[in-house]
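Q: I'd like a close look at one part of this protein, with enough of its surroundings to make sense of it. Could you walk me through it?

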Amino acid sequence: MKNVILCGKEISKTYMQGGKESKILTHMDVEIYEGDFTVIMGSSGAGKSTLLYALSGMDTITVGSVIFKGQEISSFSEKKMAQLRAKEFGFIFQQTHLVSNLTLFENVAVAGYAAKAGSVKEIREKADMLLSKMHAGDAKDRYPQQVSGGEAQRAAIARAMIGNPGLLFADEPTGALNKANSQEVMKLLMELNHDGQSILMVTHDVRAALCGNRILYLEDGKILDELNLVPYGQDDLKKRENKVLDWLSGLGW
């Protein structure tokens, strides 16, 4: 049986817009398992990113609870939550959010210092190693504006991994990339998952979703259905794609 690393219990998220209540998430129960590559899909406005931010503590929930490794993090103070995010969570977004006046190496190393991931020497060595592993080592001394979008996103993955996160959150990580760079980023994420990294990713890209072993489909702030797959590479890719497309089509994708 898989271990639950993160779960949401009866979580709801409500906004006030123009004096009216707008429900984004509605009494949702969700479990994320250790070692899984979990994908969140759904139509625009279904609550995909809101769910990701709620589970990661980047956004507060209106009601319910979020539990990570047995701790109810939804009751943490902002300071304690920030410490948890620095030490236990890694984040990758559609936009890299790299600091423009720091080199790629410095962007990764600074995240290591924030996470207290070792001595200065250890962090610098690990930053070098991760950038090399992410195929961005040749660009480590360049600034974000001097590299391609693919190199910047690979550096962002290295930054996310510097603190040895318990869970890696990815929100549309290929959304701003061309096909070749998207494939490279997804290949790297699959390699990390193969090495044991737990990943939770939001995407609208079916090709990216194929890389996961579990897909959750959201509609109107609720989980409508889920699809479980064998790890990528253990089945025929075309059959895998057809299975996912047929499932999505049946849900009204």
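The part in question is the residue Asn213 and what lies around it. Where does Asn213 lie, and which residues does Asn213 touch?

A: Keep in mind that this is a predicted model. Let's begin at the residue itself and then work outwards.

Asn213 sits in the loop between α7 (206–209) and β9 (214–219). Despite that loop address, Asn213 counts as buried, because its relative accessibility is 10% and the cut-off for buried is under 20%. Setting aside residues up to four places away in sequence, Asn213 touches Lys2, Asp36, Phe37, Leu227, Asn228, Leu229, Val230 and Arg240. One of these neighbours, Asp36, also makes a polar contact with Asn213, side chain to side chain, at 3.1 Å.

Phe37 is the neighbour to follow next. With residues within four places in sequence left aside, Phe37 is in contact with Met186, Leu189, Met190, Asn193, Ile199, Met201, Cys211, Gly212, Asn213 and Arg214. Phe37 also belongs to the largest nonpolar core, a set of 48 residues, where Phe37, Leu189 and Met201 have the most contacts inside the core. A second core, separate from that one, has 29 residues, including Ile11, Val30, Leu55 and Leu167.

Now for the sheet. Four strands make an open sheet in the order β2-β1-β4-β5, paired antiparallel. At its edges are β2 (20–33) and β5 (71–72); each has a single partner strand, so one side of each is left without a neighbour in the sheet. Helix α1 (residues 48–56) packs on this sheet and touches β1, β2 and β4, with its direction at about 65° to that of β2. Inside the sheet, strand β1 (residues 4–17) and strand β4 (residues 63–68) run antiparallel and are joined by five bridges. Leu6, for instance, has Phe68 in β4 as its bridge partner.

One more element rounds off the tour: helix α5 (residues 149–161). Its 13 residues should span 18 Å at 1.5 Å a residue, and its end C-alpha atoms are 19 Å apart, which agrees. As for cover, 12 of the 13 residues of α5 are buried; among them are Glu151, Gln153, Arg154 and Arg159, along with Ala152, Ile157 and Met161. The cover over the buried residues of α5 includes β6 (89–93), α3 (104–114), α4 (120–133), β7 (167–171) and α6 (179–194).

So, back where we started: Asn213 is a buried residue in a loop, with a side-chain polar contact to Asp36 and a contact with Phe37.

Methods: Residues numbered from 1 in each chain as written. Predicted model: local features only at pLDDT ≥ 70, side-chain atom pairs only at ≥ 80, totals over all residues. Heavy atoms only, no water. Pairing = 2+ DSSP bridges. Helix = DSSP H or I, 4+ residues; strand = E, 2+ residues; numbered from the N terminus. Contact = heavy atoms within 4.5 Å. Axes fitted to C-alpha atoms, helices over the stretch in contact; angles between N-to-C directions. Expected span 1.5 Å × (residues − 1). Buried < 20%, exposed > 50% of the residue type's maximum accessible area, 1.4 Å probe, protein only. Polar contact = N/O pair within 3.5 Å; in protein donor to acceptor, adjacent residues only side chain to side chain. Core = buried A, V, L, I, M, F, W, Y, C linked by side-chain atoms within 4.5 Å.
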